[in-house]
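Visitor: Please walk me through this model. I would like to start with its open spaces.

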Amino acid sequence: MTPLGYRTHCPAATWAVVISIALFASACRSDTGEDTGSEPDTVDVVAPGPATTLSEQQEAVVEAREAGEASGEDTRDDMAGPVHGGRLVYGIEADTANPFVHYASSCAISCRMIFRAISDSLYVTDADGAVVPYLVESEAHNADYTEWTLQIRDGISFHDGTPLTGEAVAYNLNLCKIGQLTGTAFLGISEITGEGQTVTVRTEQPFAIGFGPYGRAESCGFMFSPAWLETLPNNPLYSSPFSPLSPQERAEGMAQATGDPAAPVGLGAFRFVSYTPGNGNSFIAERNPDYWRGPNGITGEQLPYLDEIEFVVSVDIVGRSSGLKAGQFDVIHTSNADEIAKYESNPDFVLLQANDYGETGYNMVNVAAGANPVLATTRGVDEPVPMDPLGINADNPLVHLSCRKALAHAFDGERYVDELFGGIVRAANGPFPPGSMGYLEDSGYPAYDPEAARTEFAQCKTRSGQNPVSFSFNTPNDPAGVESVEYMVAMWQEIFGDELSVLIQTIEQGQFIGLMLAGHYQLTGMRNHGGVDPSEQWFWWNSASAAPINEIALNLGRFQDPEIDALYQVIRHNPDPDARREAAEEVNRQFGRNVWNLWVTWTLWGIVADPRVQNLTNLSIPGNDAPVFPVVTGKHHLSQIWCIDGDCQG
């Protein structure tokens, strides 16, 4: 999940919060064999400059992007190496709220890049779009799909030297299961136990497509040392109301919890060195000599190649891009299509583009009202749970469908894309982008129609009792994001004039995420819902995850849709691919009917680097013929990257 400042598409909670669980190419051939204490053979090559091949490669990427099939694969045929050494500086778009542990972090794209450096996940997405085991070596299920058995790779250690075992995996997952932020994503999972190298997951209903999509690569799928987790004061065993410990046990655990959640202990290619929060500051990690895919690890490879990686927070895309050109950064990422377009014709930098399995940019409406009977059932209480007990959202006109339809009809997506994005992204009509299960050319979402907008707006004024119709619109405080929100509001006011009053509220990133989680907003920009399977979106849209205002909710819009709830019973639990696809398409139509969100664009990600940085996205998977999918919703792996001559700056 990510706050959307349109032109910058700034991140935030999947977080995917986390979760996302969310919770979401050609292989890199790594040297193998015994560790001789020397680096792999290298070839002396100067950093490539402007070349015809670069232009040809970009032309191929543009064709893929226009078809919605840009994967972010690093296709350069002039890469030299691999070679050890070098310090990579990566300019990221945002800092992380509540860093850096899966059950608490509001973990968006930048956060997940850090997670990828310091740890690895149970599952990854391969080049065919399948969720496949990674730290998990194999998986099996019983006859009715209610029990999954995971075999964890043996011989892997955390950075503190403790082993990755079935018990360690179960400890990580159970913390997420009782975590106030992440627990909703584990509904339907009754028990997770570990013994030796085996993890057993028991479910209340058939999980017919596997455990992977629920606890795989996105935040809770990343493993951290239980010895470290036990020292943290925010450990859910001590702090969560869902903890199985007695009050005395919680107090005893909390009394001894002196660890630092911002100093993570993972098992990844790089080990934590330091972290200073805030824009302009950084997270630094050094090479892990005992990495499980290194010369001292179980695969006997040479990963990672870099000595050190530093992630520097640079919220403003203009500053981030200037920093790359000035040599401050070696790599940056961005979902600002306007900036990506500038690099398509710049041969001095490597540009990788990715929109396959990408996110959707949209405006999220807070529709909290009435009571939630599903949540009452989940909590075991007799009366439906009030969604807005203090009336905080009572004056939000967008709780009325006619008001949402009016804004949808008044938004000219093609004009918006052409004028703010150079026409290189597509206007969205639903949550699923082209190529994804559930995508529809015509989802039934209200198309641009000024006359229909005025008709719905008349109903909106009546239903809301407001004239002018007034609401606030939250956006992160980066300049490009604010500009795009202003453009959208101006587009609405062209049709509704002074009968519409919108207060644009610019908010710092960390606070922005917290307001969404607690339901303190009326309309807010968002970027979310990327992934390879619609099952990954369940916890964002289920009525059971629509908690009242002032409680943490994963269903951030707090809508309740019984039809979507029923359709997700098929998507999550039916193994028939045709039935699952039909259900996902109907979810798309249901969003169109109820306009729970105001769709804007399907996101394009750009990874931009100095040409000295080699093999940006191509990582092999041990025991799998296919490599990882290069870039999924802006995230890519880092252990396979090297720099020419072991020097990223030159």
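Guide: Start with the wall of the largest pocket: its lining residues divide into 14 nonpolar, 11 polar and 6 charged. Here Ala, Val, Leu, Ile, Met, Phe, Trp, Tyr, Cys and Pro count as nonpolar, Asp, Glu, Lys and Arg as charged, and the others, Gly among them, as polar. This is a predicted model: local features need pLDDT of at least 70, side-chain atom pairs count only at pLDDT 80 or more, and totals for chains, interfaces and linings use all residues. Residues are numbered from 1 along each chain as its sequence is written, and side-chain values use heavy atoms, with hydrogens and water left out.

Visitor: How is a pocket found, and what volume does the largest pocket have?

Guide: Rolling a probe the size of a water molecule over the atoms shows where empty space is left. On a 1 Å grid over the protein atoms alone, a pocket is an open set of points where a 1.4 Å probe fits, with protein on both sides within 12 Å along at least five of seven lines; lining residues have an atom within 4 Å of a point. Points are joined across faces, edges and corners, and the volume is the space filled by probe spheres set on them. The largest pocket comes to about 890 Å³.

Visitor: Which residues lie nearest the centre of the largest pocket?

Guide: Gly183, Thr184, Leu187, Thr378 and Ala544, out of 31 lining residues. Helices H3 (166-178), H10 (373-379) and H17 (562-573) each supply at least two lining residues. H10 gives the largest share, 5 residues. Helices (H or I, at least four residues) and strands (E, at least two) are DSSP runs, numbered from the N terminus.

Visitor: What lines the second largest pocket?

Guide: That pocket has a volume of about 270 Å³. Its lining has 18 residues, with Ala428, Tyr445, Pro446, Ala447 and Tyr448 nearest the centre. Helix H12 (413-421) and strand E20 (597-602) are the elements giving two or more residues to this lining. The lining splits into 10 nonpolar, 4 polar and 4 charged.

Visitor: Now the packing. Which residues have the most contacts inside the largest nonpolar core?

Guide: In soluble globular proteins, nonpolar side chains tend to be buried together. A nonpolar core is a set of buried Ala, Val, Leu, Ile, Met, Phe, Trp, Tyr and Cys residues joined through side-chain atoms within 4.5 Å. Buried means under 20% relative accessible area, exposed over 50%, partly exposed in between (1.4 Å probe, protein chains only). The largest core has 169 residues, and Phe311, Trp492 and Phe496 have the most contacts inside it. Beyond four places in sequence, Trp492 is in contact (heavy atoms within 4.5 Å) with residues including Asn363, Phe411, Leu523 and Leu598.

Visitor: How far does helix H14 reach?

Guide: The expected span is 1.5 Å times one less than the number of residues. H14 (479-496) has 18 residues and reaches 26 Å between its end C-alpha atoms, close to the expected 26 Å. Its buried residues include Trp492 and Phe496. Glycine 497 follows H14, with a positive phi near 60°.

Visitor: Where are the unusual backbone angles?

Guide: Check omega, then phi. Glycine 81 and proline 82 are joined by a cis peptide bond, omega about 5°. Proline 82 sits in the loop between helix H1 (52-66) and strand E1 (87-92). The bond from proline 99 to phenylalanine 100 is also cis, with omega near -20°. Asparagine 550 has a positive phi of about 85°, although it is not a glycine. Asparagine 550 is partly exposed, at 44% relative accessible area.
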